[in-house]
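Let's take a walk through this structure, following its charged pairs first and then looking at a helix and a loop. Keep the model open as you read.

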Amino acid sequence: MTLKQKITSRLAFAPLITIVGLGLGLAGCGGGGGGSNSSPGSGTFTPDTPSPAANTISLSGGVNGSDLDLSVVATGITDSVLGTAFDLTFDPSVLTYIGYTAGDFFEKSGSVTYAIAARSDRLIVGISGQKSGAAGTGTVVTLHLMAKASGSGTTGFENQALCSSSSVTSCDRQPSLPWSGGAYSIH
Amino acid sequence: MRGIRGGQNRWRTGAAVSAVFFILAGLVFSSGPVSKAASPPVTFPGAHVGNELLVRFKPGIGAAEARAVLVGHAMKLLHGYPRVANLYHVGLPSRLSVEDAVEILKADPAVQYAEPNYTVQFDSACPAPCTPTDPLYADSNNWGFVNIGAPSAWTVTTGDANTVVAVLDTGIDYNHPDLAANIWTNAGDPIDGTDNDGDGYIDDLHGYNASQSSSCSTPPCPAGDPLDDDTSSDVGGPIEGHGTRLAGIIGAVANNGGGIAGLNWQVKLMAIKIRLEPNRTSSIDLVLAGIDYLLAKRGQGVNIKVANMSFGVSSWSQSLQDAIDAVRDAGILLISTAGNAGTDVDAAVADPNIKDFHRVYDNVIFVGAIDQTNALAKNGTNNSSFSSNYGQIGIQLAAPGVRVLSPYRHDLPGPPYDPYGPADGTSFSAPFVTGVAALLAGFDSSLTYSQLKASIISATTAESTLSGKVASGGKLNAAGVFTAPISDLTPPGYQLARLATGHKFYLDRSYTLATLPQGFDGLWWVRTLNGDKANTDASYIQLGLGRPATVYVAFDPAAQQVPDWLQPAQDWTDTGRLVGVTVNSTAGSLKIYSRPFKAGSVTLGGPLAAGYTGPAYPDNTNYVVLVRLATGDADENAPSTNRLDGFDLITFNLAVGSIQGDPNWCAACDLDGSGTVDSVDLSLFLDNFGKSL
């Protein structure tokens, strides 16, 4: 092994991480209604689907002081799923990501790996549970965003999928499963 | 270790009681929890990586038994070194300290020794953040070094005084205060009118002046004075000293209170003057004379690994080709320029009837110029006074070449002949690459010219502005060369390229790539010669992989049976995917076969090697090679494949615990090349989650 190869292979050992959250929000350009510079203190969140049907993923939540807490809710999932991947989009001039709270949906099957990275106009989210899978209704994760300015806009999902517990080498996506977001207004 | 990857370095202080003490004292430890009260604290004198050990088991202990012993101590076998029998890299659980783990293993009868994984030190490196103190380092025109990541490279090495770099140009101002300490001096042949070292050149103290070549036909001949006497101007600069400028970029002395820092703070610059006054006149005979001197010194054992040739030639020349081949055979890498005419050189590369210097040479890297926005230099844009030539086959990469600060001849009078100033041109891009090649050659003296070349090209930073303009689609990455993903390519004349649809498919054809499967855009390709499609060798193409990768072979679909080396028995899989190509306006395709490989050497056989049945030469088509590096971008079918996202996380978790051959094996997930997708890989992946690739 050459010195160069030694450096290439110089990697630190780390134990299995079961709960992981990465990154804080980065300001940038985005869509939505835009923000003003007045200090935000109250507001509303209106889900696109107030009463979600079975086999849907939806957003629910509310404004708590200057925080917007958004819960990703799985409703009546009939087929067993082992994880999910999605982007949550928002207006970075109004909102910034501050953290998350683990949900109870995938936790049913055991330990869960959460990976969340904030990018300019979105959160990139990955949640991976156990092969035994999860089904039914529950909160996948609650994402906490902080209002940094007054404004309004919409938040929703992109690049989203629920992955079947029959997945072998990569996400075997549950087809035609509707995902819905919502609208926020921060004052 | 400093630089590339920090690890969890720790310094231990306190009582210097070595681990040997415990052996001498005859202390015996159980394999259970260590009793702190029963033993004095053990410390290790050097910085080492946390949570890791290097453990050698006694002779006769096999890998399975070693693994079982480690598992019994809640430790994990991370990596073995088959050529150092019974030695293993071991990971520790987070609750167990290195010190306690060493004590536990020393007590195990199967263990010969256990020691910390000490970090590697490089005495000549500059601790991060590395900023030379030279007063002009922060000058706005000295942007190139930061642009290519030189400060990070300097944390690995700042050069090696045993590395000699030849500069074939107008000479070098070897008395320049910012260069003098780094000028090559031939102590074996002082200025005394005698060829003391017997190389056929009289008094070649700092190099050679090719003006002497036509006046002496019988050695020994005068070496002449290679002092830079250039009195011409470059665009963007006054009368200067072209070769001196190049030498400054490659190796100006650092931290000396004046001027700039070159890429190599320690190096030896050999001056070979092949451009003469007036007007930097040169011709092939002078270049040949310079190369002949280069080869003479190499033949005498001078450690020349790389030479800079910042000049163009009005035509391809058989004699120059032969000389370049001789330089190749001497193991020297040449760095040359794209040219400043703003033209695509590929027409000349593809057509031998077009008279242009640019060809695909085994041991030459041609360099285009970028401005501060990483765009190819264009006259009138971003302060550029010229337009860089380009070519997705003829030019391999790009480097800074607009408003590049470098030293003038210091013997010229004062303003406007300031000691340093900016200049434009691909001439000044080439020495950036030369300098990085010298850094790498000094860092690892075992590297061959083809390894240097592949490492430099595969380490490039992809830039959308350069896609389709240069083969790599990227710019020079000084720090990346030390961990280059592709560290060698044989035949060296084949080309590493980042391809996308619309790009050329072979080196010797105008066929274009029409379609790629999802997720294949931007992979590394080995452009082959379709003219080599008759090859039947068992060893035809060899790749050096610096990290694990999935290698794809895009093979002629008309084959009734692929060669034995590409069969499932050799772990190759027909992916069922196709690469679409356009051949003379006709659509065609190649079938994609895949196989995962660990870091190391990969050997691929010829297209018509044993076992092949199908169209015979010349009715067959050569294959090309695609390489998917283990970046962690594990899910080829994800909606977005240019970043690490939740889809990759799912693939990772599905693959944890797998080894090659398992149905859930994921080569892209094996980030540490251990052959197992484990928590180490997942942790590395999570460190980079959300990042774009």
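Start in chain B of this predicted model, where the side chains of Asp169(B) and Arg275(B) form a salt bridge, with 3.6 Å from N to O. Asp169(B) belongs to strand E6 (residues 159-169), while Arg275(B) sits in the loop between strand E10 (266-273) and helix H7 (284-299), so this pair ties together parts of chain B that are 106 residues apart in sequence. Check the surroundings of the two and you'll find that Asp169(B) and Arg275(B) are both buried.

Now step back to strand E10 itself. Lys273(B) lies in this strand, and its side chain meets that of Asp229(B) in another salt bridge, at 2.7 Å from N to O. Asp229(B) is in the loop between strand E9 (221-222) and helix H6 (242-251), so here the bridge ties together parts of chain B that are 44 residues apart in sequence. Are the two partners buried or partly exposed? Lys273(B) has a relative accessibility of 2%, so it counts as buried. Asp229(B), on the other hand, has a relative accessible area of 33%, which makes it partly exposed.

A third bridge to look at joins Lys475(B) and Glu463(B), whose side chains come to 3.9 Å, N to O. Lys475(B) is in strand E18 (residues 474-475) and Glu463(B) in the loop between strand E17 (461-462) and E18, with their positions 12 residues apart in the chain B sequence. Lys475(B) and Glu463(B) are both buried.

Over in chain A, salt bridges with shared partners join Asp87(A), Asp121(A), Arg122(A) and Glu158(A) into one network. Over all chains, the count comes to 17 salt bridges.

Back to helix H6 of chain B. How many of the 10 residues of H6(B) are buried? The count is 10 of the 10, so this helix is largely enclosed by the rest of the structure. Its buried residues include charged Arg245(B) along with Leu246(B), Ile249(B) and Ile250(B).

Last stop: the loop between E6 and strand E7 (201-202) of chain B, which is where you'll find Asn196(B). At 39% relative accessibility, Asn196(B) counts as partly exposed. Leaving aside residues up to four places away in sequence, Asn196(B) touches Gly188(B), Asp189(B), Pro190(B) and Asp203(B). The Asn196(B) side chain also makes a polar contact, at 3.1 Å, with the side chain of Asp192(B).

How values were computed: Residues are numbered from 1 along each chain as its sequence is written. Chains are lettered from A and ligands numbered from 1 in the order in which they are written. This is a predicted model: local features need pLDDT of at least 70, side-chain atom pairs count only at pLDDT 80 or more; totals for chains, interfaces and linings use all residues. Side-chain values use heavy atoms; hydrogens and water are left out. A salt bridge is a side-chain nitrogen of Lys or Arg within 4 Å of a carboxyl oxygen of Asp or Glu. Helices (H or I, at least four residues) and strands (E, at least two) are DSSP runs, numbered from the N terminus. Buried means under 20% relative accessible area, exposed over 50%, partly exposed in between (1.4 Å probe, protein chains only). Contact means heavy atoms within 4.5 Å. A polar contact is a pair of N or O atoms within 3.5 Å; within protein, one must be able to donate a hydrogen and the other to accept it, and residues adjacent in sequence count only if both atoms are side-chain atoms.
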